[in-house]
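Here are a few short exercises to work through with the model open beside you. Try each task yourself before you read its solution.

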Amino acid sequence: MNINENTDLIGFIVWLICSCNLGNKSIRQYLSQFSLKNRQKVEIVVMDMNAGYQAPIRELFPNAIIVVDRFHIVQLAMKAVQSERIKIQRELSDKNHNRVYKLLKSNWKFFLKAERNIDTSIQSGFVV
């Protein structure tokens, strides 16, 4: 890509952060090629939660709002749900005869389903 004062940054930053495996120094070096005037026009930067990206992006795009991409937010939420489910299972006594433990263990995929995909009928097989 030829970079100059008139290079259009719309949509480009999203591609760069999501599809390139660049380190902090490389991001700073590459994005510094865009003029400050052009970088100040950027309003939103969507990126993953890599802490190494945040410092150069905040510095190079002073007017931009940083937004964490949806994939990483969902991934973080799912890890939290799984962690709590496992924590509850470990806290339960008499694991061999405890009905709640068995439900949590055997129905772990239930907690990962989208609400629209949950069968709420009695025939669903998930009966407490």
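**Exercise 1.** In this predicted model, find the element that holds Gln-89, then decide whether Gln-89 counts as buried or exposed.

*Solution.* Step one: go to helix 5, which covers residues 70-91, and you will find Gln-89 there. Step two: look up its relative accessibility, which is 7%. Step three: apply the cut-off, where buried means under 20%. Gln-89 is therefore buried. Step four: look for a partner of its side chain. The side chain of Arg-85 makes a polar contact with that of Gln-89, at 2.4 Å.

**Exercise 2.** Work out which residues of helix 4 are buried and how they are arranged around the helix axis.

*Solution.* Step one: pick out the buried residues of helix 4, namely Tyr-53, Pro-56, Ile-57 and Leu-60. Step two: look down the axis of helix 4. The buried residues fall within an arc of 100°, so they line one face of the helix. Step three: recall a general rule. An α-helix has 3.6 residues a turn, so residues three or four places apart point the same way. Step four: turn to the other side of helix 4, where Ala-51, Arg-58 and Glu-59 are exposed.

**Exercise 3.** Classify Ala-55 by its accessible area and find how far it lies from Arg-28.

*Solution.* Step one: place Ala-55 in helix 4. Step two: take its relative accessible area, 44%. Buried means under 20% and exposed means over 50%, with partly exposed in between, so Ala-55 is partly exposed. Step three: compare sequence with space. Ala-55 and Arg-28 are 27 residues apart in sequence, and their C-alpha atoms are 9.2 Å apart.

**Exercise 4.** Which elements each supply at least two residues of the largest nonpolar core?

*Solution.* Step one: list the core. It has eleven residues: Ile-27, Leu-31, Phe-34, Val-42, Val-45, Met-47, Tyr-53, Ile-57, Leu-60, Phe-61 and Ala-64. Step two: match them to elements. Helix 2 (24-31), strand 1 (44-47) and helix 4 (51-60) each give at least two residues to this core. Step three: find the largest share, which is the three residues from helix 4.

**Exercise 5.** Is Ile-65 buried or exposed, and which patch does it belong to?

*Solution.* Step one: locate Ile-65 in strand 2, residues 65-68. Step two: its relative accessible area is 54%, so Ile-65 is exposed. Step three: find the patch. Ile-65 joins Ile-44 and Val-67 in a nonpolar surface patch, and together they have about 260 Å² of accessible area.

Conventions
Residues numbered from 1 in each chain as written. Predicted model: local features only at pLDDT ≥ 70, side-chain atom pairs only at ≥ 80, totals over all residues. Heavy atoms only, no water. Patch = residues over 30% accessible without salt bridge, like charges linked within 9 Å, V, L, I, M, F, W, Y side chains within 5 Å. Areas by Shrake-Rupley, 256 points an atom, 1.4 Å probe, with all protein chains shown as cover. Salt bridge = Lys/Arg side-chain N within 4 Å of Asp/Glu carboxyl O. Helix = DSSP H or I, 4+ residues; strand = E, 2+ residues; numbered from the N terminus. Buried < 20%, exposed > 50% of the residue type's maximum accessible area, 1.4 Å probe, protein only. Core = buried A, V, L, I, M, F, W, Y, C linked by side-chain atoms within 4.5 Å. Polar contact = N/O pair within 3.5 Å; in protein donor to acceptor, adjacent residues only side chain to side chain. Arc of directions from axis to C-beta.
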